[in-house]
Amino acid sequence: METTAINISKNLDRIANENNIEMTDFYNEATEDYEFWSKDFNMHFGYHIPFKTNIFKRDAMLNEMNKQVIKRLCINNRPAILADLGCGMGGTMRYALKSNEYLTAFGVTLSDFQVKKGNELLKNKNGIILKENYNITSFKANHFDAATAIESFCHSGHSKNSFKEAFRILKPGGKLVIADAFLKKDENELCYGGAYAYKKLCNHWSLERLGNIENVTTTLKSIGFSKVNIEDISFKVAPSVLHVPFAIIGFTLKKFFKNQGLKLESLHNLKGSFFALLSGLHMQSFGYYVITCTK
Ligand SMILES: C[S@@+](CC[C@H](N)C(=O)[O-])C[C@H]1O[C@@H](n2cnc3c(N)ncnc32)[C@H](O)[C@@H]1O
């Protein structure tokens, strides 16, 4: 029995390490593919509100996620400085700048492609994207009124270092809002199917791991965050996750008809999206959460 468990675990590790690619290479090469997912270059899932967002309009749901996150940051209609930790192409920053004319936004990413192209999209706006590691930024302590991390801290495994750095750069009273997928149990408690989907997801999207939501809550409190509010929004995110198979087919057909091959990174991205959907179906093991907490 023990041997079988060890073999299964070894097999899963082998699967996880197959074709592993660096996170920065992944984003440098695959970011432009996201235009197919979102015209506004939102590199995250959406937030559906019945009778408000149309489930067939993906960008409306993706932008609703921006709106929900920004609402929780409490920075509307006042001068404020926002940090977007793992900002992608700055989709959330642009949305925030549009909704608050007094806002200044700084985004950080490790991808050169995102720094260059994201800053082009931010031209003449009060925001800038810097090439910085969100685990150890060069920002001064107590500098930001708010910080957000949408589907980005998962690349560092929802590590304590990422939360500590966010805490350091926030002003007292400043809010951190994280929107991401988390585990509802420990990795070693996942069923075979769940563990398989999870390992493949982490491998193809270059994620270190997903944190266990309970442990993450405890960690945030231990760092000093107060008013830690955890919302399970899995059902609100599900309609946009269900767009994944259609987006994969549409993207592949587009490449096929344009006679363009698929880059390794694009293939990883497509497979990662598929395994995100597969992981999401294991509802007892995975959930999508918005975490709001205050320094
Ligand atoms: C899935 S994208 C999400 C982008 C953006 N938050 C959005 O929702 O559109 C993940 C982002 O995290 C960034 N990232 C991952 N690890 C990082 C790190 N250690 N420091 C800075 N950025 C990082 C990637 O470069 C990428 O921009």
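Around the ligand of this predicted model, 20 residues form the shell, and M43, H44, G86, T109 and Q114 come nearest; a residue is counted here if one of its heavy atoms lies within 4 Å of the ligand. By class, the shell holds 8 nonpolar, 10 polar and 2 charged residues, with Gly taken as polar, Asp, Glu, Lys and Arg as charged, and Ala, Val, Leu, Ile, Met, Phe, Trp, Tyr, Cys and Pro as nonpolar. Helix α2 (23–30) and strand β2 each supply at least two of the shell residues; helices (H or I, at least four residues) and strands (E, at least two) are DSSP runs, numbered from the N terminus.

Three polar contacts, pairs of N or O atoms within 3.5 Å, are worth a closer look. An oxygen atom of the ligand is 2.7 Å from an N or O atom in the side chain of Q114, and an oxygen atom of the ligand is 3.0 Å from a polar backbone atom of G88. A nitrogen atom of the ligand, in turn, is 2.9 Å from a polar backbone atom of I150. Of the 600 Å² of accessible area that the ligand has on its own, the protein covers 97% (Shrake-Rupley method, 1.4 Å probe).

Turning to the fold, 7 strands make an open sheet with mixed pairing, in the order β3-β2-β1-β4-β5-β7-β6, where pairing requires at least two DSSP bridges. Strands β3 (127–131) and β6 (226–232) are the edges, each pairing on one side only. From one strand to the next, the twist averages 15°. Strand β6 pairs with β7 (residues 286–294) in the antiparallel sense over 5 bridges, and I230 stands opposite I291 in β7. Helix α6 (residues 112–121) lies across β2 (103–109) and β3, at about 165° to β3; contact means heavy atoms within 4.5 Å, and angles run from 0 to 180 degrees between N-to-C directions of axes fitted to C-alpha atoms.

Local features need pLDDT of at least 70 and side-chain atom pairs 80 or more, whereas totals for chains, interfaces and linings use all residues. Residues are numbered from 1 along each chain as its sequence is written, and side-chain values use heavy atoms, leaving out hydrogens and water.

Terms used:
Polar contact = N/O pair within 3.5 Å; in protein donor to acceptor, adjacent residues only side chain to side chain.
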